[in-house]
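Here are my comments on the model, set out as numbered points, so that you can follow them with the structure open beside you.

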Amino acid sequence: MMKSITLALLAAGVLSACSMAPKYVRPDAPVAADYGVPSAAGNNQVRAADIGWRNFFTDPRLQVLITNALVNNRDLRVAALRIEEARALYNIQSADLLPTLNANATGSRGRVPASINNTGSSVVSSNYQVGLGLAAFELDFFGRVRSLSDAALASYLSTEEAQRAAQISLVSEVAKAYLSERAFAEQQELSRQTYESRAQAYKLSKQRFDVGASSALDLRNDEALMQTARAAELAASRQRAQAMNALTLLVGQPLNDLPPAQPLSAQDILTDIPAGLPSDLLTQRPDIRSAEQTLLSANANIGAARAAFFPRISLTAGLGTSSNELSGLFEGGSRSWSFAPQLVLPIFDAGRNRGNLNLAEVRKDIAVANYEKSIQVAFREVSDALVARSLLDEQIDAQRLVQEAQAERYKFATQRFQNGIASSLDVLDAQRELFTAQLTLVQARLLRLTNAIDLYRSLGGGLVETTVATAPAAAPAATPVK
């Protein structure tokens, strides 16, 4: 009889639980319906989130660096451990939905002396018990435990999405650090070649000055240009070393046994990724999904706070056998049971429950604001990358023409100087402008590549390793950066 009553109450507690959490409605995205850039659609019909980073980054050296970073980067490792932590917390919280049964066995033996016994003789007594116990299981009629479990689940899912966002960020940061090192290497080489050329010019100028064929002003101008190139080489060398240090930190291990590096001009990175619509970001960006799961967790916590205003019913019960002899524990007539339901009705708590409810509602408002901000940040990142994409190709073309024009200018100025038509100042000025144009072109190429990476990351790319074919058609070809 007692067993039937207990099972009926447990079933009622599990099946009749209702949730007092507010019905979740996803907030409207606080951004425009499109990015306002005509070329946002692109020619490539594969979404960035579906493009594997091995297909996006074709440089074998960079692929090895990204692979090592995904294994050894400490920030990503901590993010993975956070998932395990959140999973454990969810398992702990969800365990309250089911009763906890404990097997227990106790035994005691004691002697009462004759001086304190009413019978006037000493008594030795024994008590042995074996059974199953149900300890303070809450019958979740008002959904408090269920809401806490839902909140823990949403928090766990948010942590999973945060780890995915960390991986996307790591892939892009490794790629940008590598390309920065490549750009500084090219600038260092340009500066070295320029320094060697100007050192030869300075040597000839000094010889001319020693024989009185040129002035001290010409000599000092040649020396200034030579030392300028030397200073640029040293600066590029320092920046390259610092970029290598940053790359080592991201990868999480020394950069040994890597394939040969490729120049910026050989980096075939996709540049025609379609941006789609801002609403697509809600599913493509893990950071937005993480923010929404945090909002869902806060929403569930409101349900738990509301349920605290209502009665809380818990059940403690036990079933077993008892005997004063160890050998008689399982004999007939030794069965024992206990049943102790408890109802707690909050009457006066000095505003604690009201304060907890207000706190839960405020935290939900904060989660809404953070969710909306994450959408706005994502919209801005995509918009910035699209605006830059539409202009950087033209900028590189223009800068290349500048370099070619400066190279022609330097050649003509040298010819005019050798023919005695132009002064050495014209040659020196042409040298200086050509060197600046060369360095600027390298920087423009780096900017174009990093912009393509930023667009790839901001659209949710970098989570999968290889592109999964969705149609028999061949994978889209890369549009190389010039």
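**Notes on cavities, core and single residues**

1. In the largest cavity, the lining is made up of 13 residues, and those nearest its centre are Glu138, Phe142, Ala307, Pro311 and Arg312. Please keep in mind throughout that the model is a predicted one. The space in this largest cavity comes to about 80 Å³, and strand 2 (123–139) and strand 3 (312–323) each contribute at least two residues to its lining. By class, the lining of the largest cavity holds eight nonpolar residues, one polar residue and four charged residues.

2. How many cavities of 30 Å³ or more does a search of the whole structure find? The search finds three, and the second largest of them holds about 40 Å³ of space. Its lining consists of Arg61, Leu65, Tyr178, Glu181, Met244, Leu247, Leu255 and Leu258, with helix 3, helix 5 and helix 6 as the elements that each give two or more residues to it. Six of the residues lining the second largest cavity are nonpolar and two are charged, while none is polar.

3. The second largest pocket, which should be kept apart from the cavities above, offers about 380 Å³ of space. It is lined by 16 residues, and Ala201, Ser205, Asp222, Phe417 and Val427 are the closest to its centre. Helix 5, helix 6, helix 9 and helix 10 are the elements that supply two or more residues to this lining, and the largest share, five residues, comes from helix 5. Sorted by class, the lining of the second largest pocket has six nonpolar, seven polar and three charged residues.

4. Which residues touch the most other members of the largest nonpolar core? In this core of 55 residues they are Phe56 and Phe57. At least two core residues come from each of helix 2 (53–56), helix 3 (60–72), helix 5 (144–210), helix 6 (216–251), helix 7 (281–284), helix 8 (286–307), helix 9 (352–418) and helix 10 (424–458). Apart from this core lies another, of five residues, which include Phe137, Leu139, Leu315 and Ala317. As general background, nonpolar side chains in soluble globular proteins tend to be buried together.

5. The surroundings of Phe57 deserve a look of their own. Leaving out residues up to four places away in sequence, Phe57 touches Leu62, Gln63, Ile66, Val171, Ala175, Ile269, Ile453 and Tyr456.

6. Is Arg457, a residue of helix 10, to be counted as buried or exposed? Arg457 counts as buried because its relative accessibility is 19%, and the cut-off for that class is under 20%. Not counting residues up to four places away in sequence, Arg457 touches Ile168, Ser169, Ser172, Arg285 and Glu381.

7. Gln284, which lies in helix 7, has a relative accessible area of 7% and is therefore buried. Once its neighbours within four places in sequence are set aside, Gln284 is in contact with Arg47, Ala49, Arg289, Leu459 and Gly460.

8. Glu196 belongs to helix 5 and, with a relative accessibility of 41%, counts as partly exposed. Its side chain makes a polar contact of 2.5 Å with the side chain of Arg192. Glu196 and Ile92, by contrast, are 69 Å apart in space, C-alpha to C-alpha, and 104 residues apart in sequence.

9. Two backbone angles should be checked by eye. Ala136, which is found in strand 2, has a positive phi of about 45 degrees although it is not a glycine; with a relative accessible area of 51%, Ala136 is exposed. Asp257 sits in the loop between helix 6 and helix 7 and has a phi near 55 degrees, a positive value in a residue other than glycine. Asp257 is exposed, because its relative accessible area is 78%.

Key
Residues are numbered from 1 along each chain as its sequence is written. This is a predicted model: local features need pLDDT of at least 70, side-chain atom pairs count only at pLDDT 80 or more; totals for chains, interfaces and linings use all residues. Side-chain values use heavy atoms; hydrogens and water are left out. A nonpolar core is a set of buried Ala, Val, Leu, Ile, Met, Phe, Trp, Tyr and Cys residues joined through side-chain atoms within 4.5 Å. Buried means under 20% relative accessible area, exposed over 50%, partly exposed in between (1.4 Å probe, protein chains only). Helices (H or I, at least four residues) and strands (E, at least two) are DSSP runs, numbered from the N terminus. Contact means heavy atoms within 4.5 Å. On a 1 Å grid over the protein atoms alone, a cavity is a set of points where a 1.4 Å probe fits but cannot get out, and a pocket is an open set with protein on both sides within 12 Å along at least five of seven lines; lining residues have an atom within 4 Å of a point. Grid points are joined across faces, edges and corners, and a volume is the space filled by probe spheres set on the points. Ala, Val, Leu, Ile, Met, Phe, Trp, Tyr, Cys and Pro count as nonpolar, Asp, Glu, Lys and Arg as charged, and the others, Gly among them, as polar. A polar contact is a pair of N or O atoms within 3.5 Å; within protein, one must be able to donate a hydrogen and the other to accept it, and residues adjacent in sequence count only if both atoms are side-chain atoms.
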